[in-house]
Amino acid sequence: MNKEIFVKLLAQRQFKAVRSILDVMNEVDIASLLSDLDDKELALAFRLIPKDKAAEVFANMNHSMQTYLVEMFSEKELKELLDDLYMDDTVDLLEELPANLVNRILNTVDQADRTLINQLLNYPDDSAGTLMTTEYVDIRETMTVAQAMAHIKETGIHKETIYTCYVTDQRRLLGIVSAKDLMTTADDVLIRDLMQTEIISVSTHTDKEEVAQLFTKYNFLALPVLDQDERLVGIVTFDDAMDVMVDEATEDITKMAAMSPSEKSYFETSVLAHAKHRIAWLLILMFSATITGTIITRYENAFAAIPLLVSFIPMLMDTGGNCGSQSSTLIIRGIALGEIQFSDLFRVMFKEFRVSLIVGVALALANGIRILIMYKNAGLALVIGLSLVATIVISKLIGCVLPLIAKKLHMDPAIMASPLITTLVDTCSILIYFNIATQVFQL
C-alpha cells in the first residue's frame, strides 16, 4: 500500500475508501502504515480499523503509539480493546505505560482479569511468567475426539492458539494433543488414547532466553508453563519466543559494541539517551588504554636505538585485536546457541591454539618477506614474525576464554567482546613485542 495515497485519502476524510483499504490489509502492515501518521491522524485512522483486527494491530504498534491511543480512548473504546487483547499483550502494554494509564486500565478490566494481570506483573522481568499467555485450550482425558473438537469450536475464538491442546485434570498437566491429531483421528477415540504424555515444559521462573532456546531446539508452536505446584498456568507461543530472540540478539550486539542496551528503537531513543548508553563504556576503555601508553614509555631507549620499531606498533595491536575479536565472537555465538559450555573450556582453548599457530605462522611469513624486501633487515623480520605469532596465540586464547569465564560467573558473555578484548590484547601485544625486540637486539 502506498502510504502517500493512504494519508491523502485520510486527509480528504474519504473514510469509506480508507476503511476498505484497512479491511484487506494484514494487521502487521496496518501497524507499520500507521506509524508514519501524526497523533491526530493516528487516532482517527485507528478508529476506522475493522473491529476484528483492531486488537492485533494495536499489539503490533510501538509503545509510543500505544501510549497515545490509550490516552485518547474513551472508557468504552478502552474496554473493547482490552476485551480483545490477549493477556500477554495486555501485560506487555502495562509494563511500558506510565502509572496513571496503568491505573486507568486496571480500573477498566473486571476483578478476575485484574487479579490475573497483577499476578503476571509480579513475575521476574526475564522469566517465562511475564512471557506467557493464559489463553490456551484445555481438554479432559475422558473426552472423545468429537467432544474435544466441539469444545475447541466453542472456546477457541478466545484463545491465542488452538494448534496444541493441553489435557488437564484439576489444572494438572497430563498430556498434549495437536490439532492435526484431532482432525485426522476417528471421532470416537478417547483423548487419553491419543495424547502424548512425554511433555517438555518450563516453570514460571524459567529464564525467557532458555525458553526461546527450547523453541529453537524442538521447533515448538507453544510451550506449557507450570507453577511451583506443577499446575498449568499458561503457555508461551512461538511469536513471543521470536520476540525474545530478537531482543536478546539486539542486547548482545549493543554489549559487544561496548554500549548499554536500550529497550527502545534507535529513533525512539533520544540523543541524550544514546550518549548516556555509550559514554560509560568508552570512559572505561579509554582509561584502561592508558596502561598501553605507560608500557610504551618504558621502552624509550629501544625507540631511540631503532626508531623503525615504532612503525610496527599499530599493525601488531590491530592484528592482535582482530584475532581476539574473531575468537570471542565465535565463542559468544556458540554460547548463545548452547553449542559451547564452560566444561568445553580446554577443548576450545586447544582448538583456538592450533588455529592461532596456523594463522600466526602465515602472517609472520608474509610480514617477514615484506620486511626483508623493504628494509633488508633479517633481525627486524625475526622480531616482527615472533611477535605476531605470540600476539596471535595470546589474543585468540584471551578471546575464547573470557566469554566462557563470564558465563561461568553468571555474567553476559557479550560484554567480553571486541572493545574489551582489543584493549586487553593491545597491552599484551606491546609487552610481547618490546620484550622480544630487546632480547633480539640486546637493547
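## A walk through three domains

The C-alpha centres of domain 2 and domain 3 are 52 Å apart. This is a predicted model, and its protein chain is split into three domains, set out below.

| Domain | Residues |
|---|---|
| domain 1 | 1–119 |
| domain 2 | 134–236 |
| domain 3 | 277–439 |

Let us begin with helix α3. This helix covers residues 27–34, and Ile30, Ala31, Leu33 and Leu34 are buried in it. Where do the buried residues of α3 fall when seen down its axis? They lie within an arc of 160°, so they line one face of the helix. A general point helps here: an α-helix has 3.6 residues a turn, so residues three or four places apart point the same way. The cover over the buried residues of α3 includes α1 (3–11), α2 (15–24) and α4 (39–46), along with α5 (51–59) and α6 (63–72). At the start of α3, Asn26 has a side-chain oxygen within 2.8 Å of the backbone nitrogen of Val28.

Next comes a sheet. Its three strands run in the order β4-β5-β6, forming an open sheet with mixed pairing. Why is one side of β4 and of β6 left without a neighbour in the sheet? Both β4 (202–203) and β6 (232–237) stand at the edges with a single partner strand each, so one side of each has no neighbour there. Strand β5, residues 222–226, pairs with β6 in the antiparallel sense over five bridges, and Ala222 stands opposite Thr237 in β6. Helix α14 (residues 208–218) packs on this sheet and touches β4, β5 and β6. The direction of α14 makes about 140° with that of β5.

How values were computed
Residues are numbered from 1 along each chain as its sequence is written. This is a predicted model: local features need pLDDT of at least 70, side-chain atom pairs count only at pLDDT 80 or more; totals for chains, interfaces and linings use all residues. Side-chain values use heavy atoms; hydrogens and water are left out. Domain bounds come from an automatic or database domain assignment. Buried means under 20% relative accessible area, exposed over 50%, partly exposed in between (1.4 Å probe, protein chains only). Helices (H or I, at least four residues) and strands (E, at least two) are DSSP runs, numbered from the N terminus. The arc is that of the directions from the helix axis to the C-beta atoms. Contact means heavy atoms within 4.5 Å. A polar contact is a pair of N or O atoms within 3.5 Å; within protein, one must be able to donate a hydrogen and the other to accept it, and residues adjacent in sequence count only if both atoms are side-chain atoms. Two strands pair if DSSP finds at least two bridges between them. Axes are lines fitted to C-alpha atoms, for helices over the stretch in contact, and angles run from 0 to 180 degrees between N-to-C directions.
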